[in-house]
Protein chains: 2
Amino acid sequence: MSEPVKRNNPFAKVRADHAAETAEDYVEAVSDMVHRTGECRVRDLAKIMGVSHVTVTRIVTRLQEQGLIETEPYRPVRLTSSGEKLAANSRQRHEIVLQFLLALGVPQDDAERDTEGIEHHVGQATLDRMAAFIRERSGD
Amino acid sequence: MSEPVKRNNPFAKVRADHAAETAEDYVEAVSDMVHRTGECRVRDLAKIMGVSHVTVTRIVTRLQEQGLIETEPYRPVRLTSSGEKLAANSRQRHEIVLQFLLALGVPQDDAERDTEGIEHHVGQATLDRMAAFIRERSGD
DNA sequence: TATCATTTGTAGCGAGTGCTACAATTCTGC
DNA sequence: GCAGAATTGTAGCACTCGCTACAAATGATA
Ligand SMILES: [Mn+2]
Ligand SMILES: [Mn+2]
Ligand SMILES: [Mn+2]
Ligand SMILES: [Mn+2]
């Protein structure tokens, strides 16, 4: 059902996670920016990611080839429906991880920083346990 | 006191985490292999990491330049004292994250896979909370 | 509209990590 | 000791993601 990847080896799974990471973070950023300010430009992404606009441009080009993003030269960046879907899933997972760390007692700043990396390595089973933990702590 | 890195940006922190990741996983693997079988060879690391021996050789060369590993051509790989120290810290953190996920109720296989990625993104504050959670659940 | 600042694109560099193919070395078994 | 297996090294390729420097397009303002 899933990908026929080498998931048996934990390190191979980490590499697969990292391969998907850029797309997830970028579409999530585009989605947020569009919802907050109406549009998302290359320079916005550069600021958010903390990299040069050159790096963003190249990555945006690839995400467009992958069908996640639409763009014309010197124009804002939009998400395709496929990109919107990925963004929604990514944001949902991001939010669960963040709320979980906060529920665990991690200070806000640390939780936000750690979440940005952890989110990409959390499988469904772990995500389910995190969601359950959040429910337990809030319905207390 | 810490590194003067751009830790304000979560994405920059993730990039810094990833930059340190290879060294941590490799010295941890070398340490484990040496303790279990007496020595660690390039082919052992290739098997563990799930990559070709070529990739391992190049990485081992760099870790040697960084003073974490010692090696002569066609010889086993050993850790320097600096490498041992990093391995000890990495293993300790790895173990805390793993035990934490298990205490949370994540199945063994999922916990082991997810830990390999998550460990590198867990800051001190989060690690402290995880350790506390383990103690609570075991002293119950 | 002409000018200037901002934004985006392009060229070209380096580091890191993956691979296959082939060469060199070491180890094993006869 | 010697042949063949196993291991390690090297050459060379691809892809990703950082960067600076410079060019082109866009937008704002006088
Ligand atoms: Mn992220
Ligand atoms: Mn790891
Ligand atoms: Mn590890
Ligand atoms: Mn990671």
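Biologist: Which helix gives the largest share of the surface near DNA strand C?

Modeller: Happy to help, and bear in mind that this is a predicted model. Helices α2 (42-49) and α3 (53-65) of chain A and α3 (53-65) of chain B each supply at least two residues of that surface. The largest share, five residues, comes from α3(B).

Biologist: How much of the DNA strand C that comes within 4 Å of the protein is sugar and phosphate?

Modeller: Let's begin with the protein side, where 19 residues surround DNA strand C, with Arg15(A), Arg41(A), Thr22(B), Ser52(B) and Arg62(B) the closest. Among the strand's atoms within 4 Å of the protein, the share of sugar and phosphate is 63%.

Biologist: Which side chain has a polar atom 2.9 Å from a base nitrogen of DNA strand C?

Modeller: Tyr74(B) has a side-chain N or O atom 3.3 Å from a base nitrogen of the strand. The residue with a polar side-chain atom at 2.9 Å from a base nitrogen is His53(A).

Biologist: Good, now the metals: which residue bridges the manganese ions, ligand 3 and ligand 2?

Modeller: Ligand 3 has protein donors Glu28(B), His94(B), Glu116(B) and Glu119(B), at 2.4 to 2.6 Å. Glu28(B) lies in helix α1 of chain B and Glu116(B) in helix α5 (residues 108-118), so the pair ties together parts 88 residues apart in sequence. The two manganese ions lie 3.5 Å apart, and the residue bridging them is Glu116(B).

Biologist: Is Ser31(B) buried or exposed?

Modeller: Ser31(B) sits in helix α1 (residues 10-37) of chain B. Its contacts include Leu79(B) and Arg91(B). Because its relative accessibility is 1%, Ser31(B) counts as buried.

Note on methods:
Residues are numbered from 1 along each chain as its sequence is written. Chains are lettered from A and ligands numbered from 1 in the order in which they are written. This is a predicted model: local features need pLDDT of at least 70, side-chain atom pairs count only at pLDDT 80 or more; totals for chains, interfaces and linings use all residues. Side-chain values use heavy atoms; hydrogens and water are left out. Helices (H or I, at least four residues) and strands (E, at least two) are DSSP runs, numbered from the N terminus. Buried means under 20% relative accessible area, exposed over 50%, partly exposed in between (1.4 Å probe, protein chains only). Contact means heavy atoms within 4.5 Å. Donors are N, O and S atoms within 2.8 Å of the metal (3.2 Å for Na, K and Ca); water is not among the atoms, so sites may look incomplete. A residue is near a molecule or strand if one of its heavy atoms lies within 4 Å of it. A polar contact is a pair of N or O atoms within 3.5 Å; within protein, one must be able to donate a hydrogen and the other to accept it, and residues adjacent in sequence count only if both atoms are side-chain atoms. Lists of a residue's contacts leave out its neighbours within four places in sequence.
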